[in-house]
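Here is a friendly walk through one protein chain, from its overall make-up down to a few individual side chains. Please have a look at the sequence and the model first.

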Amino acid sequence: MLMADILDYVAWRGDLDFLKSPLNEVDALIFSQMSYLNFTGIVGESFDSGAVTLADCCDAFFHAADYENAATSACSSIKRPWNC
């Protein structure tokens, strides 16, 4: 299957956990790209602040008041997903 972008891959494989489908090269690429995004105010500063799902992060990130201004070169290719 030809993937158009990261979001297509997540939509296609996003329902699988790592027990059913172990971490692969594409998953690692996605996590490395996410490391450049600014999650200030979305994800806590410590691991003690509770878990945040990727879906919750997505929703908060794309609905942030400064989302349009936050599109730096690191994340300018990321488009608002259809379900966020």
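About 6600 Å² of the chain is exposed, and carbon and sulfur atoms supply 58% of that area. Keep in mind as you read that this is a predicted model. Of the 84 residues in the chain, 18% are buried.

The secondary structure is quickly told: the chain has three helices and zero strands, and its elements run α-α-α from the N terminus on. Among contacts with a separation of 6 or more, 30% are between residues 24 or more positions apart.

**Helix α2**

Let us start with helix α2, which covers residues 25-34. Three of its residues are worth a visit: D27, F31 and Q33.

Is D27 buried or exposed? D27 is buried, yet it has no salt bridge. The nearest side chain of opposite charge belongs to R13, and it is 6.3 Å away, whereas a salt bridge needs a nitrogen within 4 Å of a carboxyl oxygen. What does D27 touch, then, once its neighbours within four places in sequence are left aside? D27 is in contact with Y9, F18 and P22.

F18 turns up again at the surface, where it forms a nonpolar patch with L23 and F31. Together these residues have about 310 Å² of accessible area. F31 is the member of this patch that we can place in helix α2, and it counts as partly exposed because its relative accessibility is 41%, between the limits of 20% for buried and 50% for exposed.

Q33 counts as partly exposed too, because its relative accessibility is 33%. The C-alpha atom of Q33 is separated by 9.5 Å from that of I6, although their positions lie 27 residues apart along the chain.

The two partly exposed residues can be set side by side:

| Residue | Relative accessibility |
|---|---|
| F31 | 41% |
| Q33 | 33% |

**Helix α3**

Now move on to helix α3, which covers residues 54-63. Which of its residues are buried? They are C57, C58, F61 and F62. Seen down the axis of α3, these buried residues fall within an arc of 110°, so they line one face of the helix.

To look back for a moment, helix α3 offers a buried face, while helix α2 holds the buried D27, without a salt bridge, and also F31, which takes part in the nonpolar surface patch.

Key. Residues are numbered from 1 along each chain as its sequence is written. This is a predicted model: local features need pLDDT of at least 70, side-chain atom pairs count only at pLDDT 80 or more; totals for chains, interfaces and linings use all residues. Side-chain values use heavy atoms; hydrogens and water are left out. Patches are made of residues with over 30% relative accessible area and no salt bridge: like charges are joined within 9 Å, nonpolar side chains (Val, Leu, Ile, Met, Phe, Trp, Tyr) within 5 Å. Accessible areas come from the Shrake-Rupley method with a 1.4 Å probe; for residues, only the protein chains shown count as cover. Helices (H or I, at least four residues) and strands (E, at least two) are DSSP runs, numbered from the N terminus. Buried means under 20% relative accessible area, exposed over 50%, partly exposed in between (1.4 Å probe, protein chains only). The arc is that of the directions from the helix axis to the C-beta atoms. Lys and Arg count as positive and Asp and Glu as negative; His and the chain ends are not counted. Contact means heavy atoms within 4.5 Å.
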